[in-house]
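The following exercises deal with side-chain contacts, burial and backbone geometry in one protein chain. Work through each task with the structure open, then compare with the solution.

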Amino acid sequence: METNAIEIRGLTKRYKDFSLEDLNLDLPYGCVLGLVGENGAGKSTTIRLIMDALERDGGTVSVLGVDNKSREFLDLKEDVGVVLDETFVPEIINAKQLGKIMAGTYKNWDQAAYDGWIKRLGLPLDKKFKDYSRGMTMKLGVAAALSHHARLLLLDEATGGLDPMVREELLEVFADFAAEEAASAASGHAVLLSSHIVSDLERICDYIAFLHKGKLVLCEEKDVLLDKYGILKCTKEQLANVPQEAIHGKRVGTYGVEALVERDFMPRDLVIDRANLEDIILYMVKGEP
């Protein structure tokens, strides 16, 4: 029995002005993996490559135990719920009509579940899609993705544009979904969630993958990551005595220095403050080397 819902090895996609290079990722069953990075880092490209919606230039992708280039994957797409940053729904249809379209698309479409999500998320049944706000658009995508008994959710900025209360509710739904045992497979469920709202990822993710300019900077269990790094506030002289390999970004001010450091390398006499996920990412990207 496979242990990972997604396995990516050496995944590469090259454009004229951007490249996703040699990406390696695992998403275990029962887990939420947060994919974080600036706009243009490669998050949406990665999700589209996982679904084989883009031609890759190298590497392999396994989804739910199947190579995503195989004929078997066409059948397995039923088991993947997808919410993209750009939702492709005809502008003239409404939520009720979308439900009918989905019922004809998915063998496992659950109309009662869809109706329940539409009501729970406060979406109008008869309002045309062209009149939706971005928040409403994302809610509709989530409602559809959760209504055909998927085993894997791929969510690209699915909480973007939502008010805090709805975001909190959906984050709980995603976490519960990942923890839930699948009725049809002992291997269970999993969620890949890309977001620029780092606090959302820190709240529910088991693993964090950080993409920067098409390269994977880190991929680690969230709790291990938060234990590994800390913020050191000290003088320039004190920092000079810290092993350089332990420093992963710094900010030099008039009165001292703040640096992202690995705790295990630190002298015992220095006080290390807790770093949150946003601290880690910002120091690694913007902190001076």
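**Exercise 1. Place Ala 178 in the fold, and decide whether Ala 178 is buried or exposed.**

Solution. Step one: Ala 178 lies in helix α6; helices (H or I, at least four residues) and strands (E, at least two) are DSSP runs, numbered from the N terminus. Step two: with a relative accessible area of 2%, Ala 178 is buried. Here buried means under 20% relative accessible area, exposed over 50%, and partly exposed in between (1.4 Å probe, protein chains only). Step three: Tyr 29 is 149 residues from Ala 178 in sequence, yet the C-alpha atoms of the two are 7.4 Å apart in space.

The model is predicted: local features need pLDDT of at least 70 and side-chain atom pairs count only at pLDDT 80 or more, while totals for chains, interfaces and linings use all residues. Residues are numbered from 1 along each chain as its sequence is written, and side-chain values use heavy atoms, with hydrogens and water left out.

**Exercise 2. Which residues of α4 are buried, and which are exposed on the other side?**

Solution. Step one: the buried residues of α4 are Tyr 114, Trp 117 and Ile 118. Step two: these residues cover an arc of only 100° around the axis, so they sit on the same side of α4; the arc is that of the directions from the helix axis to the C-beta atoms. Step three: Ala 112 and Lys 119 are exposed on the other side of α4. Step four: for Tyr 114, the relative accessible area is 0%. The C-alpha atom of Tyr 114 is separated by 7.2 Å from that of Gly 99, and the two residues are 15 apart along the chain.

**Exercise 3. How many salt bridges does a search of the whole structure find? Describe the pair formed by Lys 96 and Asp 126.**

Solution. Step one: the search finds 14 salt bridges, each a side-chain nitrogen of Lys or Arg within 4 Å of a carboxyl oxygen of Asp or Glu. Side chains of opposite charge can pair when their charged atoms come close. Step two: Lys 96 and Asp 126 form one at 3.6 Å, N to O. This pair links distant parts of the chain, 30 residues apart: Lys 96 is in helix α3 (residues 95–103), and Asp 126 is in the loop between α4 (111–120) and α5 (134–145). Step three: Lys 96 is partly exposed at 40% relative accessible area, whereas Asp 126 is exposed at 55%.

**Exercise 4. Which salt bridges tie helix α6 to α4 and to α7?**

Solution. Step one: the side chains of Arg 120 and Glu 169 meet in a salt bridge of 2.6 Å, N to O. Arg 120 lies in helix α4 and Glu 169 in helix α6 (residues 164–179), so this pair ties together parts that are 49 residues apart in sequence. Both partners are partly exposed, Arg 120 with 45% and Glu 169 with 25% relative accessibility.

Step two: Glu 168 and Arg 203 also form a salt bridge, with their closest N and O atoms 3.3 Å apart. Because Glu 168 lies in helix α6 and Arg 203 in helix α7 (residues 198–204), the pair ties together parts 35 residues apart in sequence. Glu 168 is partly exposed at 30% relative accessible area, and Arg 203 is partly exposed at 42%.

Step three: a network of salt bridges links Arg 167, Glu 168, Asp 200 and Arg 203.

**Exercise 5. Locate Cys 205, and decide whether Cys 205 is buried or exposed.**

Solution. Step one: Cys 205 belongs to the loop between α7 and β9. Step two: its relative accessibility is 2%, so Cys 205 counts as buried. Step three: Val 36 is 169 residues from Cys 205 in sequence and 11 Å away in space, C-alpha to C-alpha.

**Exercise 6. Where do Asp 22 and Lys 213 lie, and what is the phi of each?**

Solution. Step one: Asp 22 lies in strand β2 (residues 19–28). Although Asp 22 is not a glycine, its phi is positive, about 50°. Step two: Lys 213 is in the loop between β9 and β10 (215–221). The phi of Lys 213 is near 55°, again a positive value in a residue other than glycine. Step three: Lys 213 is exposed, with a relative accessible area of 61%.
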